[in-house]
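User: Please take a close look at one part of this structure and its surroundings. A plain account for a first-year student is enough.

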Amino acid sequence: MSRLVLGTICGLIFGVVVVLTMLPMEFTDKRDALLGAFTNRASLGFIIGAARLPLPGWASGLIFGFLLSLPSAIITKAYIPIMVLGLIGGALIGFIVNRWGK
């Protein structure tokens, strides 16, 4: 499977997982919060699949996870959950794409 397709699939799955963890939470505008989180995490997979950094897959995923999670963390001031999930998800997607993507 191509890196781009695999990364996109991983990102979509990651986005669904994050949205499911957010469902019990209270937000002023829950629909927008869930849509924003899903879009952010799905984009993470797409970008990891599309990019090729001269690093191990998990490391490039970690970098993209950090960079794409930081704006949301700054806006919401929920640094720990957003950054930790972004770093873990990015590293995992980076590993998967690097290992099984062609």
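Analyst: A polar contact is a pair of N or O atoms within 3.5 Å; within protein, one atom must be able to donate a hydrogen and the other to accept it, and residues adjacent in sequence count only if both atoms are side-chain atoms. The model is predicted, so local features need pLDDT of at least 70 and side-chain atom pairs count only at pLDDT 80 or more, while totals for chains, interfaces and linings use all residues. Residues are numbered from 1 along each chain as its sequence is written, and side-chain values use heavy atoms, with hydrogens and water left out.

The part chosen here is Arg-41 and what surrounds it. Arg-41 sits in helix α2 (a helix is a DSSP run of H or I with at least four residues, numbered from the N terminus). Its relative accessible area is 5%, so Arg-41 is buried (buried means under 20%, exposed over 50%, and partly exposed in between, with a 1.4 Å probe and protein chains only).

The polar contacts come next. The side chain of Arg-41 is joined to that of Asn-40 by a polar contact of 3.4 Å. A second partner is Ser-69, whose side chain makes a polar contact of 2.7 Å with the side chain of Arg-41. The backbone also takes part: the backbone oxygen of Ile-82 lies 2.9 Å from a polar atom of the Arg-41 side chain.

The wider surroundings of Arg-41 can be listed by contact (heavy atoms within 4.5 Å). Leaving aside neighbours within four places in sequence, Arg-41 is in contact with Gly-11, Phe-14, Gly-15, Val-18, Ser-69, Ile-82, Leu-85 and Gly-86. Val-97 gives a distance for scale: its C-alpha atom is 15 Å from that of Arg-41, and the two residues are 56 apart along the chain.

Now take the partner Ser-69, which belongs to helix α3. Ser-69 has a relative accessible area of 0% and is therefore buried. Besides its polar contact with Arg-41, the Ser-69 side chain has a polar atom 2.7 Å from the backbone oxygen of Gly-65. Beyond four places in sequence, Ser-69 is in contact with Arg-41, Ile-82, Met-83 and Gly-86. Ile-82 and Gly-86 are also among the contacts of Arg-41.

Helix α3 covers residues 57-76 and holds another serine, Ser-60. Ser-60 counts as buried because its relative accessibility is 9%. With neighbours within four places left aside, Ser-60 is in contact with Leu-53 and Leu-55. Ile-74 also lies in α3, but its relative accessible area of 44% makes Ile-74 partly exposed.

The helix that carries Arg-41 can be checked as a whole. The 21 residues of α2 should span 30 Å at 1.5 Å a residue, and the end C-alpha atoms are 30 Å apart, so the two values agree (the expected span is 1.5 Å times one less than the number of residues). Buried along α2 are Leu-34, Ala-37, Asn-40, Arg-41, Ala-42, Leu-44, Gly-45, Ile-48 and Gly-49. So Asn-40, a polar-contact partner of Arg-41, is buried too. The cover over the buried residues of α2 includes α1, α3 and α4.

Helix α4 contains Ile-82, together with other buried residues: Met-83, Gly-86, Gly-89, Gly-90, Ala-91, Ile-93, Gly-94 and Val-97. The cover over the buried residues of α4 includes α1, α2 and α3. Its span can be checked like that of α2: 22 residues should span 32 Å at 1.5 Å a residue, and the end C-alpha atoms are 31 Å apart, which agrees.

Last comes the nonpolar core (a set of buried Ala, Val, Leu, Ile, Met, Phe, Trp, Tyr and Cys residues joined through side-chain atoms within 4.5 Å). The largest nonpolar core has 14 residues, and Ile-48 and Ile-93 have the most contacts inside it. Two or more of its residues come from each of α1 (3-22), α2 (30-50) and α4 (79-100). The most come from α1, which gives 6. Ile-48, a buried residue of α2 like Arg-41, is in contact with Arg-3, Gly-61, Phe-64, Gly-90, Ile-93, Gly-94 and Val-97, leaving aside neighbours within four places in sequence.
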